[in-house]
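Here is a brief report on one protein chain. It covers the overall make-up, then a helix pair, a covered helix and a loop.

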Amino acid sequence: MAKEYSSSPKHHHLESRRKRLTLILGISGLCILSYLFGAWQGSTTSINQSEAYSKVGCNDQTFPSTNVQSSSPARSLDFESHHGVDFNYTMETAAKTISPCDMSFSEYTPCQDPTRGRKFDRSMLKYRERHCPTKEELLLCMIPAPPKYKTPFKWPQSRDYAWYDNIPHRELSIEKAVQNWIQVEGNRFRFPGGGTMFPRGADAYIDDINELIPLTTGKIRTAIDTGCGVASWGAYLLKRDILAMSFAPRDTHEAQVQFALERGVPAMIGIMASQRLPYPARAFDMAHCSRCLIPWAKNDGLYLIELDRILRPGGYWILSGPPIRWKKYWKGWERTQEDLKQEQDSIEDVARRLYTNMETCITPLPDVSSNDKVAGGTVENWPNRAFAVPPRISSRTILGITAEKFEEDNKLWKDRISYYKKMIPLAQGRYRNIMDMNANLGGFAAAMVSFPVWVMNVVPANSDHDTLGVIYERGFIGTYQDWCEAFSTYPRTYDLIHAYGIFSIYQDRCDVTYILLEMDRILRPEGTVIFRDTVEVLVKIQSITDGMRWRSQIMDHESGPYNPEKILVAVKTYWTGETNQQQEKQA
């Protein structure tokens with residue numbers, strides 16, 4: 001019989017089968033052990049969503065006004081970056097405390113700084129327009145609140161009262177004492193509702209206007225007040241469901257726009273000078289000028305042409321004060337009858353020429369099929385207007401946005417606001433002035449209509465779609481803005497800021513540290529910010545805001561933990577310049 005050698009083919013075949021069997025059994029055993037270990041680990045550390053929310057204080061009744069508490073489950077999620085995505089921010093600010101600015105910057109408005117403005121041309125009031133700081137002039141510090149700063153009065157009480165310590169300026173109470181703009185009563189201001197041209201009060205003045213045009217039918221919803229003072233006209237229109245964009249320059253009437261926003265009334269720093277207003281064509285149903293000192297007839301009617309651009313077809317322009325009705329009031333205006341008559345004739349001449357074929361530089365209106373059609377389309381009366389398909393969408397003038405997508409967006413934001421209500425006290429009057437930094441179609445604002453709030457809808461100037469016109473057609477207000485620059489407002493003027501995807505848009509365009517510092521500037525102490533973005537972006541945002549005296553918590557998307565988009569809820573803690581000075585002395 002032949003002898004079998006270890007190197008024979010039969011031996012190798014048996015050895016190979018033995019090794020394969022051993023490998024299969026080994027792998028099977030490891031899989032079973034891994035499964036059992038995973039099941040045991042999951043059962044000991046699981047936590048349902050409602051339990052997680054209770055740990056972070058998401059119940060409306062118990063949400064803390066000064067911070068967002070961190071949950072502490074047995075096993076925390078890893079939000080560290082594991083993929084190298086570039087993010088433009090000042091490296092030294094990450095995980096480092098950013099110091100407060102000097103108290104002299106307490107009312108700093110970067111793009112309307114009076115000191116910088118004085119360097120520019122005074123013709124056409126160009127020196128009062130936006131002149132933003134250069135990159136080298138940007139402040140890497142936080143704007144301090146004034147000593148003894150208090151939480152503003154809640155709406156509607158805020159319409160009539162504001163704390164003196166929040167805006168310590170008595171100038172208007174003295175200069176406009178006869179006109180009843182504002183009065184000082186102990187430690188607070190009172191706003192009687194008066195104005196230069198309505199000594200009986202804004203309410204009575206608006207009633208007079210209602211005798212001439214329909215203010216209560218829902219036909220008029222959006223308005224603009226040019227040279228608004230402390231915005232009493234806009235404040236008293238709100239109870240008639242009319243939302244006014246009030247604006248005035250930062251000038252000798254110190255802090256007039258700041259007073260307006262402290263009252264909970266929409267307002268911006270702005271002026272009609274040499275630049276276009278930051279609003280779309282056909283935006284407003286009504287425009288108002290009450291002795292606003294705008295030279296309507298000068299510069300070939302430039303300002304009236306701009307007003308024509310932003311007014312909807314069939315919109316109203318209300319002009320009160322000099323030179324209107326000069327024959328009756330000329331003696332109190334300290335001007336000659338001839339001068340006043342000439343000005344009124346000039347304004348009327350410009351207005352007539354706006355509607356003739358001779359004026360070729362006015363903004364053209366969209367074509368219509370017949371004389372009974374409205375150029376640009378007809379909007380519904382308020383409140384149906386908020387959810388009706390806007391003409392700019394139904395006419396398909398915005399590429400890629402259809403009526404179906406509009407309806408889907410409305411449903412999306414209805415669900416998201418319901419989710420937000422579990423995180424922050426939206427329905428309790430805690431917030432009044434709200435900003436949406438990337439408003440898109442205005443779905444966020446539309447979903448908030450049942451709350452006592454108003455929303456400043458911001459469309460980034462470099463967005464893929466210009467949707468601000470859609471927002472106005474829905475009956476809301478807003479503006480264009482490049483977030484690499486400061487917003488045209490005073491410090492501490494918003495209670496809640498919503499930032500959806502804004503940092504993914506700007507992370508390669510400018511240093512996002514300065515965007516966050518701008519948000520801190522305009523946010524009130526104990527105000528809230530809701531960020532929506534990818535986990536990686538939010539973690540890097542949090543690494544900066546941790547050094548800005550903000551308290552924050554990253555939370556799951558409303559659809560669940562498997563969605564890569566997350567939500568960062570942050571609250572700016574209360575501190576003032578005085579507190580900071582005391583800490584420095586103690587140190």
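A crossing is called right-handed if the near helix is turned clockwise from the far one by less than a right angle, and left-handed if anticlockwise. By that rule, α16 passes α17 in a right-handed crossing. The model is predicted.

**Overall make-up**

The chain holds 18 helices and 15 strands. It has 587 residues, and 51% of them count as buried. Among contacts with a separation of 6 or more, 70% are made by residues 24 or more positions apart.

**The α16–α17 pair**

Helix α16 spans residues 512–522, and helix α17 spans residues 535–545. Their axes come within 11 Å. They cross at roughly 60 degrees, which makes α16 oblique to α17. The cut-off matters here: roughly perpendicular begins at 65 degrees.

Which residues make the contact between α16 and α17? From α16 come Val512, Thr513 and Leu516. From α17 come Ile541, Ile544 and Thr545. By class, four residues of this contact are nonpolar and two are polar. No charged residue takes part.

Helix α16 is mostly covered, with ten of its eleven residues buried. The buried set includes Val512, Thr513 and Leu516, each of which also touches α17. Glu518, Asp520 and Arg521 are buried as well. So are Ile515, Leu517, Met519 and Ile522.

The start of α16 has a polar feature. There, a side-chain oxygen of aspartate 511 reaches to within 2.9 Å of the backbone nitrogen of threonine 513. Threonine 513 is also one of the α16 residues in contact with α17.

On the other side of the pair, isoleucine 544 lies in helix α17. Is isoleucine 544 buried or exposed? It is buried, because its relative accessible area is 0%, and buried means under 20%. Isoleucine 544 also has a partner far along the chain. Lysine 96 is 448 residues away in sequence, yet the two C-alpha atoms are separated by 7.3 Å.

**Helix α8**

Helix α8 covers residues 302–310 and is mostly covered too, with eight of its nine residues buried. The buried residues run through Tyr303, Leu304, Ile305, Glu306, Leu307, Asp308, Arg309 and Ile310. What do they pack against? Their partners are three strands, β4 (222–226), β7 (284–290) and β8 (311–320), and one helix, α10 (337–353).

**The loop between β10 and α14**

Strand β10 spans 454–460 and helix α14 spans 468–473. Histidine 465 sits in the loop between them. Threonine 467 is placed in that loop too.

The two residues can be set side by side. The partners listed leave aside neighbours within four places in sequence.

| Residue | Relative accessibility | Class | Contacts |
|---|---|---|---|
| Histidine 465 | 33% | partly exposed | Ile398, Leu399, Ile401, Val459 |
| Threonine 467 | 1% | buried | Ile398, Ile401, Asn440, Leu441, Val459 |

Why does histidine 465 count as partly exposed? Its relative accessibility is 33%, so it falls between the 20% limit for buried and the 50% limit for exposed. Threonine 467 is buried, since its relative accessible area is 1%.

Leucine 441 links to both residues in different ways. It is in contact with threonine 467. From histidine 465, leucine 441 is 24 residues away in sequence and 9.7 Å away in space, C-alpha to C-alpha.

Key. Residues numbered from 1 in each chain as written. Predicted model: local features only at pLDDT ≥ 70, side-chain atom pairs only at ≥ 80, totals over all residues. Heavy atoms only, no water. Helix = DSSP H or I, 4+ residues; strand = E, 2+ residues; numbered from the N terminus. Buried < 20%, exposed > 50% of the residue type's maximum accessible area, 1.4 Å probe, protein only. Contact = heavy atoms within 4.5 Å. Axes fitted to C-alpha atoms, helices over the stretch in contact; angles between N-to-C directions. Parallel < 35°, antiparallel > 145°, perpendicular 65-115°, else oblique. Nonpolar A, V, L, I, M, F, W, Y, C, P; charged D, E, K, R; others polar. Polar contact = N/O pair within 3.5 Å; in protein donor to acceptor, adjacent residues only side chain to side chain.
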